[in-house]
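Let's take a walk through this structure together, one helix pairing at a time. Have the 3D view open and turn it as you read.

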Amino acid sequence: MTKLDAVNAEILNLLQDDGRMSNAKLAEHLSMSETPCWRRLKRLEESGIIEGYQARLNRRKIGLGVMAFVQLRCSEHDAVATAEFQRIIESSPNILACHNTTGADDFLVIAVARDLDDYSAFVENTLRRLPGVTSIRSNLSLREMKSSSRLPIMLGET
């Protein structure tokens with residue numbers, strides 16, 4: 001595991017603000033030369049702390065007006081059913097995230113759709129076909145108050 005010092009933490013914070021920031025600009029913000037900055041960045045990537053870079057899109061502006069939080073309860077937990085469940089979840093473009101959770105339900109899914117008709121089709125064609133699912137409960141987002149993938153950076157930990 002890599003310990004995060006103040007410089008690495010600042011690199012991560014700066015890149016969370018602007019993932020397209022050039023190495024020259026990053027080095028300038030950190031008051032260091034480009035080569036050591038580049039080496040630190042490569043170490044953060046190679047260690048898996050930085051998993052990749054992507055553009056953050058406005059879902060509504062690309063036609064995804066519905067966001068749903070879906071709780072799934074399952075009756076089957078064997079290896080075959082779990083592998084098929086995971087395959088379907090990972091291959092669905094409507095599913096942004098899926099977490100195996102504690103509590104009454106087994107999974108929490110975050111999904112998007114164009115509209116309610118599209119969401120209904122997603123439930124029928126994807127969620128209801130998941131192996132072992134015995135209960136599907138959807139909560140639709142009425143208003144998004146915060147949406148972020150930004151993580152808090154803790155010094156000395158990873």
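Start with helices α1 and α2, which lie oblique to each other because an angle counts as oblique when it is neither under 35 degrees, nor over 145, nor between 65 and 115. Keep in mind as you look that this is a predicted model. The angle between the two helices is about 130 degrees, and their axes are 11 Å apart. To find them in the sequence, look for residues 6-17 for α1 and residues 23-30 for α2. The crossing of α1 past α2 is right-handed.

Which residues make this contact? From α1 come Val7, Glu10, Ile11, Leu14 and Leu15, while α2 supplies Leu26, His29 and Leu30. Sorted by character, the contact of α1 with α2 has six nonpolar residues, one polar and one charged.

Now turn to the pairing of α1 with α3. Their axes come within 11 Å and cross at roughly 80 degrees. Angles from 65 to 115 degrees count as roughly perpendicular, and α1 and α3 are therefore described that way. On the α1 side, the contact is made by Val7, Asn8, Ile11, Leu12 and Leu15; on the α3 side, by Arg40, Leu41 and Leu44. The contact of α1 with α3 divides into six nonpolar residues, one polar and one charged.

If you compare the two lists, you will meet Val7, Ile11 and Leu15 of α1 in the contact with α2 and again in the contact with α3.

Arginine 40 deserves a look of its own. You will find this residue in helix α3, which spans residues 34-46. What does arginine 40 touch, leaving aside residues up to four places away in sequence? The answer is Asp5, Val7, Asn8, Ile11 and Met32. Take valine 7 as one example: 33 residues separate it from arginine 40 in sequence, yet the C-alpha to C-alpha distance is 8.7 Å.

Finally, move along to the aromatic rings. The model has two aromatic pairs, counting rings whose centres lie within 6.5 Å. In one of them, the rings of tyrosine 119 and phenylalanine 122 have centres 6.0 Å apart and planes at 40 degrees, so this pair is tilted. Both residues belong to helix α5, which covers residues 116-125. Tyrosine 119 and phenylalanine 122 are three residues apart there, about one turn of the helix. Are these two residues buried or exposed? Both tyrosine 119 and phenylalanine 122 are buried.

Conventions
Residues are numbered from 1 along each chain as its sequence is written. This is a predicted model: local features need pLDDT of at least 70, side-chain atom pairs count only at pLDDT 80 or more; totals for chains, interfaces and linings use all residues. Side-chain values use heavy atoms; hydrogens and water are left out. Rings of Phe, Tyr and Trp (its six-membered ring) pair if their centres lie within 6.5 Å; planes under 30 degrees apart count as stacked, over 60 as edge-to-face and the rest as tilted. Helices (H or I, at least four residues) and strands (E, at least two) are DSSP runs, numbered from the N terminus. Buried means under 20% relative accessible area, exposed over 50%, partly exposed in between (1.4 Å probe, protein chains only). Axes are lines fitted to C-alpha atoms, for helices over the stretch in contact, and angles run from 0 to 180 degrees between N-to-C directions. A crossing is left-handed if the near helix is turned anticlockwise from the far one by less than a right angle, and right-handed if clockwise. Contact means heavy atoms within 4.5 Å. Ala, Val, Leu, Ile, Met, Phe, Trp, Tyr, Cys and Pro count as nonpolar, Asp, Glu, Lys and Arg as charged, and the others, Gly among them, as polar.
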